[in-house]
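Please walk through this protein with the model open beside the text. Start from the inside and work outward.

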Amino acid sequence: MNWRTKDRGFSLVEVLVVMVVMGLVTTAVYATFLSTQKHAYTQDEVVEVQQNLRAALDFLVKDIRMVQFLTPIDETALVTTPAQLLDDANADGDYDDADERFTLSLVSATSLHGYARVTAATSDSSTLTLTVAAGTMQQFADGDQARVFRPEDLEAVTNVYPVTGTPSGDLVVLDISGGGYTSGDVSAGDLLVLLPAGTTDGDFPVQIDYQLADDASSSDTAMNQLQRRVMDRDGNTIVDWELVASKISALDLTYLDENGDSTTDLDEVVAIQVTITGQTDATKTGSSNFSGVKQRTLATTVKIHNEVRL
């Protein structure tokens with residue numbers, strides 16, 4: 001008996017159909033992968049924008065609240081009142097022309113935000129030991145610069161001295177071996193104020209400047225860095241421009257008087273409405289063939305604390 005097997009392969013048509021179906025499935029899977037990847041990259045950059053906005057607003061709010069802190073009574077809280085830090089006046093798509101970038105300038109006794117009320121003071125020939133209000137000494141560290149002010153007189157009562165040793169308990173010790181201190185100069189109720197490194201006795205009060213500078217790492221003209229510097233009132237730099245936040249596209253400011261009305265009179269400003277906008281980079285995930293530019297905005301109104309009462 002002759003047995004015949006009926007083995008046979010796929011026909012050309014069947015193979016082609018399978019290839020077409022596989023191609024369609026692969027294309028769909030790849031398209032889904034690309035879409036998911038783009039979304040993930042975009043979300044990462046959006047999160048970065050939001051974090052930058054929060055960091056920028058945090059710095060601005062802290063500095064604005066401390067404006068005119070312990071400064072002489074004849075000093076205004078602000079030096080300038082720009083409505084925005086960027087203004088494309090000639091609508092040419094950049095901020096490279098004159099008078100298109102502006103600076104916000106604030107006045108305070110210090111550019112840092114640390115201070116403590118003195119409750120007792122003792123001294124010898126080389127050290128001034130200050131007992132401060134409970135829970136406030138941790139703002140100071142070995143090597144920090146500090147100075148004591150009298151709130152009632154809005155005057156400094158000591159030179160600038162370094163903190164020596166790590167503060168413990170409620171004690172902060174200043175190294176006064178450089179001279180200039182007389183026993184009894186500091187009394188209960190005075191304020192120990194943290195100062196930036198490099199501060200000298202003549203640096204009082206200080207001027208804190210904010211600007212939006214072009215981000216040289218991107219060709220997107222909307223990419224700007226919020227920068228901050230500290231100067232004395234004679235125009236000498238104490239702390240040069242430092243990066244606060246990047247991916248900032250706009251910073252708008254409205255100055256309010258005690259009635260909540262807009263004003264540019266330096267003597268009438270009691271609060272500042274801050275609106276800050278950031279966006280994704282148009283040369284990265286913000287490009288038209290990626291996810292497009294995504295913008296985020298934060299806004300708040302900050303009351304100026306013209307004096308600190310403890």
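The paragraphs below go from the nonpolar cores to the charged pairs, then to the surface and the backbone. Keep in mind that this is a predicted model.

Begin with the interior. In soluble globular proteins, nonpolar side chains tend to be buried together. Here the largest nonpolar core has 31 residues. Which of them touch the most other members? They are Leu226, Leu251 and Ile272. Several elements each give two or more residues to this core: helix α1 (12-65), then strands β1 (103-108), β9 (206-214), β11 (237-256) and β12 (271-279). Helix α1 supplies the largest share, with seven residues. Another core lies apart from this one. That core has 19 residues, and Phe140, Tyr161, Val172 and Val186 are among them.

Take Ile272 as a way into the larger core. Set aside its neighbours within four places in sequence, and Ile272 is in contact with residues from several stretches of the chain. Ile64 and Leu78 are among these contacts. So are Leu253, Thr254 and Tyr255. The list is completed by Thr300, Thr301, Val302 and Ile304.

Now turn to a charged residue, Asp209. Asp209 sits in strand β9. Is Asp209 buried or exposed? Its relative accessibility is 1%, and buried means under 20%, so Asp209 counts as buried. What does its side chain meet there? One partner is Ser105, whose side chain makes a polar contact with that of Asp209 at 2.7 Å. Another is Arg229, with a side-chain polar contact of 2.9 Å. Asp209 and Arg229 also meet in a salt bridge, at 2.9 Å from N to O. That pair links distant parts of the chain: Asp209 is in strand β9, Arg229 is in strand β10, and they are 20 residues apart. Beyond its neighbours within four places in sequence, Asp209 is in contact with Thr103, Leu104, Ser105, Gln227, Arg228, Arg229, Met231 and Trp241.

Gln227 appears in that list, and it deserves a look of its own. Its place is in strand β10 (residues 224-232). Gln227 has a relative accessible area of 13%, so it too falls under the 20% limit for buried. Its side chain makes a polar contact of 2.8 Å with the side chain of Gln211. A polar contact of 3.3 Å joins the side chains of Gln227 and Gln225. With neighbours within four places in sequence left out, Gln227 is in contact with Asp209, Tyr210, Gln211, Ala213, Trp241, Glu242 and Val244.

Next, the other charged pairs. Side chains of opposite charge can pair when their charged atoms come close. The count for this model is five salt bridges, and the pair of Asp209 and Arg229 is one such bridge. Another joins the side chains of Glu45 and Lys247, at 3.0 Å from N to O. Glu45 is in helix α1 and Lys247 is in strand β11, so this pair links distant parts of the chain, 202 residues apart. Glu45 is buried, at 6% relative accessible area. Lys247 is buried as well, at 7%.

A further bridge joins the side chains of Asp63 and Arg228, at 2.7 Å from N to O. Asp63 lies in helix α1 and Arg228 in strand β10, so the pair ties together parts that are 165 residues apart in sequence. Both Asp63 and Arg228 are buried.

Move out to the surface. Phe10, Leu12, Val15, Leu16 and Met19 make a nonpolar surface patch of about 580 Å². Val15 is placed in helix α1. At 35% relative accessibility, Val15 counts as partly exposed.

Finish with the backbone. Which peptide bond is cis? The bond from Phe204 to Pro205 is cis, with omega near -10 degrees. Pro205 is in the loop between β8 (191-195) and β9. Two residues are worth checking for phi. Ala91 has a positive phi, near 50 degrees, in a residue other than glycine. Ala91 is in the loop between α1 and β1, and at 66% relative accessibility it counts as exposed. Lys247 is not a glycine either, yet its phi is positive, about 60 degrees. Lys247 lies in strand β11, and it is buried, with a relative accessible area of 7%.

Definitions and conventions
Residues numbered from 1 in each chain as written. Predicted model: local features only at pLDDT ≥ 70, side-chain atom pairs only at ≥ 80, totals over all residues. Heavy atoms only, no water. Core = buried A, V, L, I, M, F, W, Y, C linked by side-chain atoms within 4.5 Å. Buried < 20%, exposed > 50% of the residue type's maximum accessible area, 1.4 Å probe, protein only. Helix = DSSP H or I, 4+ residues; strand = E, 2+ residues; numbered from the N terminus. Contact = heavy atoms within 4.5 Å. Polar contact = N/O pair within 3.5 Å; in protein donor to acceptor, adjacent residues only side chain to side chain. Patch = residues over 30% accessible without salt bridge, like charges linked within 9 Å, V, L, I, M, F, W, Y side chains within 5 Å. Areas by Shrake-Rupley, 256 points an atom, 1.4 Å probe, with all protein chains shown as cover. Salt bridge = Lys/Arg side-chain N within 4 Å of Asp/Glu carboxyl O.
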